[in-house]
Amino acid sequence: MKEVKCECGHVNPHGTVLCEACGKVLDEQSQDKSLLDMRYEGSARRSQTYNKSIVDKIWNFFSSVKVGVWLIVITLVASAAGTILPQEMYIPPTMPAEEYYEDQYGWFGKLYYELGFNNLYSSWWYLVFIAMIGISLVICSLDRVVPLYKALKAQRVTRHEGFLKRQRVFGISKNVDENDILVVKQRLQAKRYHVREENGDLLAEKGRFSRWGPYVNHVGLIIFLIGGMLRFVPGMYIDKVLWLREGETKVVPETDGQYYVANEKFILENYDKEKENKAFEAAIDRAGMVVKNYQTNAVLYKRVGPAIPGEQPELEKVKEHQIRVNQPLKFEKFALYQVDYKLDELNTMSFSLTNKETGKTFGDVKISLYDPKPKYDLGNGYGVEVLSFFPDFEFAENGEPTTKSRIPNNPAFVFRMTSPEVPDGETSFVAIQQTIEPLGDNQYKMAFKGIETKNVTALTVRKDLTIWIIVLGGILFMIGVMQGAYWNHRRIWLQHKNGEIWISAHTNKNWYGLKREIESALSETKINIPDDQVQKETMDKESV
Amino acid sequence: MKKRRLIMRTTILIILAAAVVYTLYANLTKDNRMKVEVGKQAPDFALVDMNGEKHKLSDYKGQGVFLNFWGTWCKPCEAEMPYINNQFNHYKDQGVQVLAVNVSESELAVNQFAERKKLDFPIVIDTDGQVQTAYGINPLPATFLIDKDGKVVKYHTGTLTERTVREFMEKIKP
């Protein structure tokens, strides 16, 4: 590889614009510019100058900021597109997604579904874009921070004339007292400049630290992305929903059958204007029902000894907890959050065996909808048999009664009622608000008496070992932003050239602050305040 | 210098590519990642059948086990039951056991179903869903073929024909 040896003796990598040591302009094109482009200190971004193997080509593609910006723009547009219609995980589970989108949103919904936008954020191409942004971040940063670090480290105090006079802030003074230079040096030191001296030339520098801000920020972003990536590693991130009826005990998913949780009671409280502060009375009136509290009284159990699934486990109580919104039940790395509920799910139904003519009853039957008994004996020759039970009753296409699911949403029974008058029994089909006597008129009926209901709670089972990595990434991100935003890298060169004193200055931002510092450092000395060549240029143009 | 740079760049690119490929792979397979994999040991379980007899999977070592998960409301489950019953009667003396795990329904519903369909093989009820969780069951019907060493040979979801049931039993015959 070609290396460029500057006249000052420093050897620069190929593609360097400004000599790392003395700042002499090495690049032909920059020769005739009146001001220098100081980005990355004119160091050789090697990717831009070196392009040989396929590895270099891939590297160079990702090293381009232009490519990075386009990747971000495309990802932004795609992310926005994903918010036009709800994602599949948020649509109600009443209808398959395939039909839902067309049904709700017409041809646009259909197109949306067919393009796969219903699961946009987990689609492979979206992840590929995110990944490419990550790669671009790593390579762009590496490709810039290394040469920048080297250039800033290699810089000498004495700079080339061409470098000095092409700085934005530049001025020449004649007949300067050596003593003035000493005064300026001390004043700059008082302003916390780090001043280096070489052959009577000065380089005052402060806030170089600020230059690393963007890279610290990028490291934070990359850690953040790694945290996101770790969520896909089994065991790092769990997000499941557990439905629990009151009185039910179930194994907590993803705990290898180690933990069980019981729902003792689910409570839904509304704001009551009688009990709250008077000030809220009008608001409660206007809004109607406002929920004050969702609460599950839960008990956590741990399994004792080994058990295989299906066997009655031996449980040991660990703790009781009232799970409320944002007050989860925590154990080990897990947390159980209140997330959903269903009130008044049917639990039992009661009937009375009744003589249709006299209205006389011969005993009550209370049937558990989760565990109905085949036979209920009422004594004295009376009894009820459950011939069929349909927890979620509907008529099938062929007219047969059938059940849609095992949840007792709409229970129906076929009873055989036996009595001393009809010892062989009478058959009756009983559903909610409906009785059919398929084998002719009966003497007896099962008169509906009442129901008992239970509330069901839904808990989110959450385990997240990646959160601290994501938090760390976020903190580094902010440190990087602050580092780059609240500090400025300022340099002032004060040098002897041709028997004159040349003064140049550079900062990566806040030129006004830099100029003020120079003014106060040079005040009452024979050194002239340097000009801002950018400002001068625009003023010249305006006056013409 | 040149060589070192090539090695550096290649290593960094390989590390980045590996991370990306892994993430994509993990993400795209997370939905169909089975709890119970073919070729692996089937998780042991113990459930009590309708006659009060306990069935423990590991007690059937040396026999093939045709493990079927079903529900009474599930039409395809209902359709395949007679086939399973026929083949059970044919293969039970050849060392193939059928275990039909009902998914948390009431005893009444299961008994009536078994009577109506005249099922001879043992039926167990997974009342609190532990076995379903262990096997990651969804959707129904689901059938696992377990060989004489307790390894899962095949997983199938969806209705079976009489012929496939026979083929399945043939497969796990010790």
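Me: Two strands count as paired if DSSP finds at least two bridges between them. Over how many bridges do strand E4 and strand E5 of chain B pair?

Reply: This is a predicted model. In it, E4(B), residues 96-102, and E5(B), residues 123-125, pair over three bridges. The sense is parallel. Take one bridge as an example: B:Ala100 has B:Ile123 as its partner in E5(B). From E4(B) the chain passes through helix H3 of chain B, residues 107-117, to reach E5(B). This β-α-β crossover is right-handed.

Me: Which strand do seven bridges join to E4(B)?

Reply: That is strand E3 of chain B, residues 64-70, and it runs parallel to E4(B). B:Phe69 has B:Val101 of E4(B) as its bridge partner. Here the chain travels from E3(B) through helix H2 of chain B, residues 75-91, to E4(B), in a right-handed β-α-β crossover.

Me: Is E4(B) mostly covered or mostly open?

Reply: Mostly covered, as seven of its seven residues are buried. Look at both directions. B:Val96, B:Val98, B:Ala100 and B:Asn102 point one way. B:Gln97, B:Leu99 and B:Val101 point the other way. All are buried.

Me: Now an antiparallel case. What do E14(A) and E15(A) form?

Reply: A hairpin, with two residues between the strands. Four bridges join E14(A), residues 375-379, to E15(A). A:Asp377 stands opposite A:Gly383 of E15(A). In the turn, A:Asn380 has a positive phi of about 55°.

Me: How do I read the sides of a helix?

Reply: An α-helix has 3.6 residues a turn, so residues three or four places apart point the same way. Try helix H3 of chain A. Its residues A:Trp59, A:Asn60, A:Phe62 and A:Ser63 are buried. They lie on the same side of H3(A) because they cover an arc of only 165° around the axis. The face turned away from that buried side carries the exposed residues A:Ile54 and A:Lys57.

Me: How many residues does each chain bring to the contact?

Reply: In general, the size of an interface is often given as the accessible area lost when the parts come together. Here, count residues instead: 35 from chain A and 36 from chain B. On chain A, H3 (54-63), H6 (124-154), E7 (249-251) and E15 (382-390) each supply at least two residues of the side touching chain B. H6(A) gives the most, with five residues.

Me: How do the residues on that side of chain A divide?

Reply: Into 21 nonpolar, seven polar and seven charged.

Terms used:
Residues are numbered from 1 along each chain as its sequence is written. Chains are lettered from A and ligands numbered from 1 in the order in which they are written. This is a predicted model: local features need pLDDT of at least 70, side-chain atom pairs count only at pLDDT 80 or more; totals for chains, interfaces and linings use all residues. Two residues are in contact if their C-beta atoms, placed from the backbone, lie within 7 Å. Ala, Val, Leu, Ile, Met, Phe, Trp, Tyr, Cys and Pro count as nonpolar, Asp, Glu, Lys and Arg as charged, and the others, Gly among them, as polar. A residue is buried if 20 or more other C-beta atoms lie within 10 Å of its own, exposed if 12 or fewer, and partly exposed in between; C-beta atoms are placed from the backbone. The arc is that of the directions from the helix axis to the C-beta atoms. A crossover is right-handed if, with the strands pointing away from the viewer, the path from the first strand over the helix to the second runs clockwise.
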